[in-house]
Amino acid sequence: MSTLRLEHVSRWYRNVVAVNDVSMTIEPGVTGLLGPNGAGKSTLIALMSGFLEASTGTVTLDGEPLWRNESVYRRIGLVPEREALFDYLTGRQFVVANAELHGLEAPGAAAEWSIGLVEMTEAQDRSISTYSKGMRQRIKMASSLVHDPAVLLLDEPFNGMDPRQRMHLMELLRRMGADGRTVLFSSHILEEVEQVARRIEVVVAGRHAASGDFGAIRRLMTDRPNRFVLRTSDDRALASALLADVSVRGVLLRSEGGIEVEAADFGRFSEVLPRLAREHGIRLHEVTPTDESLESVFAYLVSS
Amino acid sequence: MISPTIVRLGIRSIFGRRRGLLLVALPVVFIGLAALVRGLVGAEPKAASDTLEGLGLVVIGPLVALLATTALLAPEIDDGSISYLLAKPISRHTIVISKLAVAASCTVVFAVVPMVFAGLVLLPDEPALALGFAVGCLVGGAAYCALFALLSVITRHAVVIGLIYLLIWEGLLGGLLAGVRWLSITRWASALVEPLADVELVRLGTIYAVVATLTVICGGTWLTGRRLRAFNLTGDE
């Protein structure tokens, strides 16, 4: 059982702050590192895997510093985001080489085990240059698991995988976490994270925006104010009916037609809207959320 | 100190790219030009020595070292695949020494051995000349490998900067300004050739040349390992 700990970690590149005073503890089990593109997830994973020096603060694995400490790689398996591999090798040769570099006593058997784990046995003797994006991802995974590490760090591991491969990897990560390994993976897709991780760390613009159980963060995200544009058969009548309900914070009649609604309670609003429309005999032509982008969800989390 | 796995991967990576073909082409051109000189001027000691120095020591040896060393490090650093070597519990100096062993072996095969052949083509009755230049090429090549390895971990433009350095400093200024010999790997290699081949190439003490060459080999290797130990590898963010 291993624990990764970041304490007041910042990292900047000249004038650009990539990670800003982040403190978090990654314990055994599966943790999702969630954030929009450019939030600093890869920088955090580089810091946690000893591939980047913190400008300030400390990053440790079971109390040992990670920076300039090769011995920690006995306990860490890293799956980088970048796709480049040793394309001139076959998948099996690549995983065996990784096992040899770890100094394993039986590199062939270890490679066979980890290749089987990611279901790449059939394609293991093909050159990596012929692999699809998903196959590359899986052979990277096999190479990082070959020494049976206590800590597994994965940077955007689901990128490029088809749904079946995605399900399989999710199951594998869940199993790794249940076995007592410390598994951390980054993603910018909430639904991806919620299927695997019970614990989530949210980063936005280099800051640690939220941390904790998945359910609590999901509630924070869904309970935020939501904006919708509605096109109806009678905008004014529906606007006044909606304003009377507590789930709605404000309504604006748009000059180009339709109404803009800010809902304070998304759950209640989704029930009230069709009921009110039916009661008043109003036809709903269009209901469009206007700020559903992930960035707006994260921005809300930061401000809360 | 040397990892057989990294050596094996290094050999595969050099000959898995087009650069491997260039490494084969350079000695062929070198021996071909030596044969041409022999055909034009005959077995003439001065012409033989000038060809082996001007073409072998100044051009072929350093170019082979540059191509081999940068092929082993620069692409992996560029595309990030070096992380598969670095995320292992092995000393960074073992990684560098293993890669340098491959680069130095390439220098032996594609520069030192061709130097012996070229020497024997130019002056068949003077094997000492060929062997002297071969030793100079070997030692100079090792120093160039260490220097270019360091360059590969410092800059992403190692090949271009290495070529500019070879052309301007070693090639152009080294021939024009006598003082450059004190800071020129090629001239140090020439100084090592002198007592072995009994020729006069550059006025520089052999001891100085040996110490300077060893300093570059050891210093370059150590600094490259040190740099790899603090290697920053970040994603695309």
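Here is a walk through a predicted model of two chains, A and B, and the contact between them.

Let's start with chain A. The domain assignment splits chain A in two: domain 1 covers 4–221, and domain 2 covers 223–303. How far apart do the C-alpha centres of these two domains lie? For domain 1 and domain 2 of chain A, the answer is 40 Å.

Now look for a sheet in chain A. You'll find an open one with four strands, in the order E2-E1-E4-E5, and the pairing is antiparallel. Strand E2 (16–26) and strand E5 (64–65) stand at the edges with a single partner strand each, so one side of each has no neighbour in the sheet. What holds strands together in a sheet? Strands pair through backbone hydrogen bonds, and they can do so in a parallel or an antiparallel way. Zoom in on E1(A) and E2(A): they pair in the antiparallel sense over seven bridges. If you want a spot to rest your eye on, try Val9(A), which stands opposite Val22(A) in E2(A).

While you're on strand E1 (residues 4–13) of chain A, stop at His8(A), which lies in that strand. His8(A) has a positive phi of about 50°, although it is not a glycine. Is His8(A) buried or exposed? Count the other C-beta atoms within 10 Å and you get 12, and a residue with 12 or fewer counts as exposed, so His8(A) is exposed.

There's another residue like this further along. Asp148(A) also isn't a glycine, and its phi is positive too, at about 55°. You'll find Asp148(A) in the loop between helix H4 (133–145) and strand E7 (151–154) of chain A. With 14 other C-beta atoms within 10 Å, Asp148(A) is partly exposed.

Now hop over to chain B. Which kinds of elements does chain B have? It has nine helices and zero strands, so its elements, read from the N terminus, run α-α-α-α-α-α-α-α-α. The C-alpha atoms of chain B fill a box of roughly 60 × 35 × 30 Å along the principal axes. A compact globule of 237 residues would have a radius of gyration near 18 Å, and chain B agrees, because its own value is 18 Å. Of the 237 residues in chain B, 49% count as buried. Also, take the contacts in chain B with a separation of 6 or more: 80% of them are between residues 24 or more positions apart.

Let's finish with one helix of chain B. Helix H1 (residues 4–15) has 12 residues and reaches 17 Å from its first C-alpha to its last, close to the 16 Å expected at 1.5 Å a residue. Several residues in H1(B) are buried, including Thr5(B), Ile6(B), Leu9(B) and Ile14(B). Look down the axis of H1(B) and its buried residues fall within an arc of 160°, so they line one face of the helix. What covers them? The cover includes helix H2 (91–101) of chain A, along with helices H2 (19–41), H3 (45–79), H4 (83–86) and H5 (92–122) of chain B.

That brings both chains together. The contact takes 25 residues from chain B and 30 residues from chain A. On the side of chain B that touches chain A, H1 and H4 of chain B each supply at least two residues, and the largest share, four residues, comes from H1(B).

Notes. Residues numbered from 1 in each chain as written. Chains lettered and ligands numbered in written order. Predicted model: local features only at pLDDT ≥ 70, side-chain atom pairs only at ≥ 80, totals over all residues. Buried ≥ 20, exposed ≤ 12 C-beta atoms within 10 Å, placed from the backbone. Domains from an automatic or database assignment. Pairing = 2+ DSSP bridges. Rg over C-alpha atoms; globule rule 2.2 N^0.38 Å. Contact = placed C-beta atoms within 7 Å. Expected span 1.5 Å × (residues − 1). Arc of directions from axis to C-beta.
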